[in-house]
Amino acid sequence: MDENRAGGYVKKLIFNNDYELNINCNDIVVFVGPNNVGKSRALRDISTISAQPFPGIIIKDLEIKKYGGSVSNLLNEVATSSRSGLADIYDTVNGRFSVYSTTDNDFFNNQYFGSFNKLFISHIETAKRLVGCGPADAIARHAAKTHPIHYAAFDSNYRKDLSAKFKKAFDCDLIPNTQFGGKIPLCMGSPVKLCDEYEDEQDRQEKYADILAQYPQVQDQGDGMKSFVGILLQLMLDYICVYLIDEPESFLHPPQARIMGEIIGETLSNQQQAFISTHSEDIIKGLLDVAPKRLKIIRITREGNTNSFAVLDNDNLRKLWADPLLKYSNIMSAIFHKNVVLCESDSDCKMYSLVDEALKQEQNRYSETLFVHCGGKQRMAKVVLALRSLEIDVKLIPDLDVLNDEATFKGITDSFAIDWNLIQGKYRIICSDIGNKHKNVNRESAKVDIDRILDSSSSEYLTSSEIERIRSVIKTESGWKAIKEYGVSGIPQGNASKAFAELDATLKNHGIFLVPVGELENFVRTVGGHGPAWVNKVLEQYPDLNDSMYGDIKKFIRKINL
């Protein structure tokens, strides 16, 4: 983008609850949330208000910052003009508008874009992009461009860039056919390479036209491909300052949606910003892959007629995305669900989610809960903080031995805004009593057992089996191991049990539900094993989730009140 061109950007959004959000000139702002909360409406509000101060439904007002040189010079470069009475009529690739003065003072003194919003803002709605990829009218090579295809047709830089991005998603080149007649369609196929066997250039061009005429054209393809190209064509326009893109994932498979997110993030210059409405975590992941520093996520929710807005800013997004385990999990799906349950492992998520679905079916309801694994206890606080910043209803299911690490446990309670001073005393009582509980080793009994092992062989060296047997003789059983294996029943009676009951009640009130039997596998003790293999064995042996074997785990999930 030419920095000397006239332009502008949305500097601030003022929402209908008076919440104000400052925005940078190159930010990519993504609106997410459940259905029918106002994501697409927010884009329409921005488009409308940018032209005139008319309050929207989601966005009440906005501020625009303008910059650059002469708007008249820009119009002469990218638009055709005519005169109607006292008004100047301008035709741009995004439509016609009229103004009564194109002086730079009138443009820069206006608080909004006014009539020029069609020059600086591209609102890419679904219907617009499905027809926007259709053939452009043929024009002279150096005539004013009134369709995005004209840029690709007569400038090799635009053409190569457009084709490369299309090929990234569909493994096929995109070629503007300037020799099709009165129209310039976009053809799909390999670039035409002709050998030197023609008498003159006219013969060569005729052969080239014949070959391209056999290629399939974009407007005849499916909606996914047409929508994809429709967005690419708009992104080519480097004088556009603000893009409003409604559900760019429409009609696309997840791989293409992620590529679309990457292309949007890669294509927008440092003086272009975008506002995107989406239901797709793939779009967000694509944006995070290439432009994490530019991204802001705004989650919109609605209770009755009242909207709420929560922002996950660049810094928190980068911290979340820097963790490989979280990056390749389904954590981003959380922003589209009613509530989220975080677990330690994928196997926990699988079993708990199956039980939750079974309980919902009993009530003739559908589950609106997403179960997400954090890849261990150490990541839980980071994920909770990120999701709670978006005002997502977060519940946490950690194994009971999360109490064994004070730093990890305190990080989790802090992320749920639990005052550590109120629970520290109870926590210390529990840990002290559990840590002191272990199996004593009787000296005489150990000596007898070890001598028996040593005397069982005359070999000069101990075998690995004998070493392991000696270790088992002197091994002390940690109180925490008992907690892991037996759950709450392994907590020492007396002060520790009383302190735990009080601590557990506080944790539940804030959304933390310790596994009462220690860990998931202890809910079904008739099946041995651990992790995904254990879950598969349980489902094989007890395929009916109405089996009484699932009674305890159902009772636990019911208490979470999802």
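These are my notebook entries on two sheets and the helices that lie across them.

**Entry: the model.** I am working from a predicted model.

**Entry: the β1 sheet.** I began with the strands nearer to hand in my list. Here I found an open sheet of three strands, in the order β2-β1-β4, with antiparallel pairing. I noted β2 (20-22) and β4 (59-67) as the edge strands, each pairing on one side only. From one strand to the next, the twist averages 25°.

Next I looked up how β1 meets β2. Strand β1 covers residues 7-15, and three bridges join this strand to β2 in the antiparallel sense. Which residue of β2 is the bridge partner of I14? I found E20 there.

Then I turned to the helix. Helix α1, residues 39-49, lies across β1 and β4. I wrote down an angle of about 55° between α1 and β4.

**Entry: the β17 sheet.** My other stop was an open sheet of three strands with parallel pairing, ordered β18-β17-β19. The edges are β18 (369-373) and β19 (393-397), and each of these pairs on one side only. I noted a twist that averages 25° from one strand to the next.

How many bridges pair β17 with β18? I counted five, in the parallel sense, with β17 spanning residues 339-343. Looking along this pair, I saw V341 opposite F371 in β18.

A helix belongs in this entry too. Helix α15 (residues 380-389) lies across β17 and β19. Its direction is at about 170° to β17.

**Entry: a reminder to myself.** Strands of a sheet pair through backbone hydrogen bonds, in either the parallel or the antiparallel sense.

How values were computed: Residues numbered from 1 in each chain as written. Predicted model: local features only at pLDDT ≥ 70, side-chain atom pairs only at ≥ 80, totals over all residues. Heavy atoms only, no water. Pairing = 2+ DSSP bridges. Helix = DSSP H or I, 4+ residues; strand = E, 2+ residues; numbered from the N terminus. Axes fitted to C-alpha atoms, helices over the stretch in contact; angles between N-to-C directions. Contact = heavy atoms within 4.5 Å.
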